[in-house]
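The following account leads the reader through one protein chain and its ligand. Please keep the sequence and the coordinates at hand while reading.

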Amino acid sequence: MIITKRIQMAKIIDGTQIANDIRNELKVKIDKWIQEGHRPPQLTAVLIGSDPASCTYVKNKMKAAVEVGINSITKNLSPDITEEELLQVIDDLNNDDSVDGILVQLPVPGHINERRICNSVSCDKDVDGFNEKNVGRLCLDMNTLVPCTPLGVQELIRRVGVDTFGKNAVVVGRSKNVGMPIAMLLHADGRNDTCAMDATVTICHRFTPPEELKRYCKLADIIVTATGVPGLIKADMIKPGACVIDVGLTRIVNEATGKAKLVGDVDFEGVRQVAGHITPVPGGVGPMTVTMLMKNTFIASKNLAKKSLPKNEVEKVRQGTEQGNQNKNKKN
Ligand SMILES: NC(=O)c1ccc[n+]([C@@H]2O[C@H](COP(=O)([O-])OP(=O)(O)OC[C@H]3O[C@@H](n4cnc5c(N)ncnc54)[C@H](O)[C@@H]3O)[C@@H](O)[C@H]2O)c1
């Protein structure tokens with residue numbers, strides 16, 4: 001008698017569909033905000049030079065903005081702009097009351113200090129969440145603008161309904177803009193402002209020996225990988241039923257055909273035969289990143305509107321929020 005074992009394939013997490021759902025929800029909220037008498041949220045992108053990948057990213061972001069009802073402008077700047085001139089452009093945007101969100105498309109040219117530029121964006125308008133004060137607030141579980149890709153990963157896991165409370169998670173990659181904030185959101189206390197996910201988190205990186213990476217991954221109920229190393233995460237590293245989120249995005253060219261395609265860090269075909277949930281590349285985390293930028297712009301716009309209220313109105317809003325928090329705490 002031949003016994004055939006049926007392979008249970010992982011559920012594919014459709015990031016495009018989830019991102020569309022969130023954009024539709026955002027559009028409804030933004031329409032309501034405008035009907036209540038507010039101006040539409042405004043996002044300004046600063047694009048330095050004409051790197052094709054950066055131009056495409058900014059174009060996609062601007063298109064998404066229009067779709068949800070956010071006004072958007074792209075400031076195209078010369079690749080020869082000096083650091084001082086760029087700082088002046090950002091300062092002008094910081095002081096412009098018609099601008100809610102500022103996005104400086106990275107990377108900036110080599111002669112410009114990226115950290116200095118990220119820190120120059122006003123914390124209130126920092127919709128990428130890269131200002132060091134906002135990063136610090138995230139590390140302290142405080143209310144802040146969270147970087148878009150990590151926020152998108154958190155939202156994907158939530159919407160799919162994967163349990164994280166007390167579970168083991170591995171984040172592969174420790175960059176300050178991607179891996180580190182994902183690990184912060186996965187491990188931190190869900191009762192604090194960031195509504196984080198209470199998992200037990202291990203961070204692996206380029207100096208984690210391959211056999212150790214495999215050992216840690218095997219223990220993980222959730223793996224989030226963000227390395228840009230195609231095929232790094234293989235089927236024999238996965239705990240059956242685990243949730244695998246692939247942030248990696250690498251463009252590879254088939255030398256025979258000359259055709260390019262985007263791949264992630266995960267051996268998708270192998271891993272989907274062991275995992276419980278898996279994101280594809282493309283169509284997983286990517287669309288969520290752009291959508292979270294829209295979410296952050298709307299948050300920034302509401303926060304700035306609140307700040308410009310007369311003091312007695314702010315007090316009323318604050319008291320309302322405190323009452324809301326007290327009610328929330330009673331439930332916890
Ligand atoms: N889908 C999206 O929206 C989105 C957004 C941002 C970044 N990305 C992609 O995510 C990936 C990571 O981006 P980044 O900005 O963090 O890159 P990065 O180069 O700054 O960081 C890569 C990280 O991977 C780790 N790493 C490298 N080789 C490794 C190995 N063999 N084993 C374990 N860890 C290893 C490094 O230690 C480092 O921390 C890239 O492919 C990038 O294109 C995708």
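**Domains, ligand shell and local geometry**

The C-alpha centres of domain 1 and domain 2 are separated by 28 Å. Domain 1 comprises residues 38-128, and domain 2 comprises residues 148-287. The model is a predicted one.

Two annotations from the UniProt record, an unreviewed entry, can be set beside this division. The record assigns "domain: Tetrahydrofolate dehydrogenase/cyclohydrolase catalytic" to residues 13-128. Over residues 13-128, helix accounts for 49% of the chain and strand for 16%, and the C-alpha atoms at the two ends lie 24 Å apart. The record also assigns "domain: Tetrahydrofolate dehydrogenase/cyclohydrolase NAD(P)-binding" to residues 147-302. Residues 147-302 are 35% helix and 18% strand, with 18 Å between the end C-alpha atoms.

The ligand comes next. How many residues surround the ligand? There are 18, and the closest are Arg174, Ser175, Arg206, Leu249 and Thr289. Sorted by class, this shell holds seven nonpolar, nine polar and two charged residues. Backbone atoms of the protein also lie at short listed distances from ligand heteroatoms. An oxygen atom of the ligand is 2.9 Å from a backbone N or O atom of Arg206. For His205, a polar backbone atom is 3.4 Å from a nitrogen atom of the ligand. For Val247, a backbone N or O atom is 3.5 Å from a nitrogen atom of the ligand. On its own the ligand has 860 Å² of accessible area, of which the protein covers 72%.

Helix H10 spans residues 285-307 and contains Thr291. Is Thr291 buried or exposed? Thr291 counts as buried because its relative accessible area is 0%, under the 20% limit. The side chain of Thr291 makes a polar contact of 2.9 Å with the side chain of Arg23. Thr297 also lies in helix H10. With a relative accessibility of 0%, Thr297 is likewise classed as buried. The side chain of Thr297 is 2.8 Å from the backbone oxygen of Leu293.

The backbone geometry deserves separate attention. Most residues other than glycine have a negative phi, and most peptide bonds are trans. Against that background, which peptide bond ends at Pro107, and is it cis or trans? The bond runs from Leu106 to Pro107 and is cis, with omega near 0°. Pro107 belongs to the loop between strand E4 (101-104) and helix H4 (114-120). Another cis peptide bond links Val281 to Pro282, with omega at about -5°. Pro282 sits in the loop that lies between strand E11 (277-278) and H10.

Positive phi values are found at Asp141 and at Cys195, neither of which is a glycine. Phi of Asp141 is near 65°. Asp141 is located in the loop between helix H5 (132-139) and helix H6 (148-160). The relative accessibility of Asp141 is 14%, so this residue is classed as buried. Phi of Cys195 is about 50°. Cys195 is placed in the loop between helix H7 (179-187) and strand E6 (200-204). Cys195 is partly exposed because its relative accessible area is 38%, which falls between the limits of 20% and 50%.

Two pairs of residues separated along the chain complete the picture. Thr82 occupies the loop between strand E3 (71-77) and helix H3 (83-94). The relative accessible area of Thr82 is 37%, and Thr82 is therefore partly exposed. Which residue is paired with Thr82 at a C-alpha distance of 7.8 Å? The partner is His111, 29 residues away along the chain. The other pair begins in helix H5, where Leu138 is located. Leu138 has a relative accessibility of 4% and so counts as buried. The C-alpha atoms of Leu138 and Ile182 are 10 Å apart in space, while the residues are 44 positions apart in sequence.

Methods
Residues are numbered from 1 along each chain as its sequence is written. This is a predicted model: local features need pLDDT of at least 70, side-chain atom pairs count only at pLDDT 80 or more; totals for chains, interfaces and linings use all residues. Side-chain values use heavy atoms; hydrogens and water are left out. A residue is near a molecule or strand if one of its heavy atoms lies within 4 Å of it. A polar contact is a pair of N or O atoms within 3.5 Å; within protein, one must be able to donate a hydrogen and the other to accept it, and residues adjacent in sequence count only if both atoms are side-chain atoms. Accessible areas come from the Shrake-Rupley method with a 1.4 Å probe; for residues, only the protein chains shown count as cover. Ala, Val, Leu, Ile, Met, Phe, Trp, Tyr, Cys and Pro count as nonpolar, Asp, Glu, Lys and Arg as charged, and the others, Gly among them, as polar. UniProt positions are given in the numbering used here, feature names are shortened, and annotations may be inferred rather than shown by experiment. Helices (H or I, at least four residues) and strands (E, at least two) are DSSP runs, numbered from the N terminus. Domain bounds come from an automatic or database domain assignment. Buried means under 20% relative accessible area, exposed over 50%, partly exposed in between (1.4 Å probe, protein chains only).
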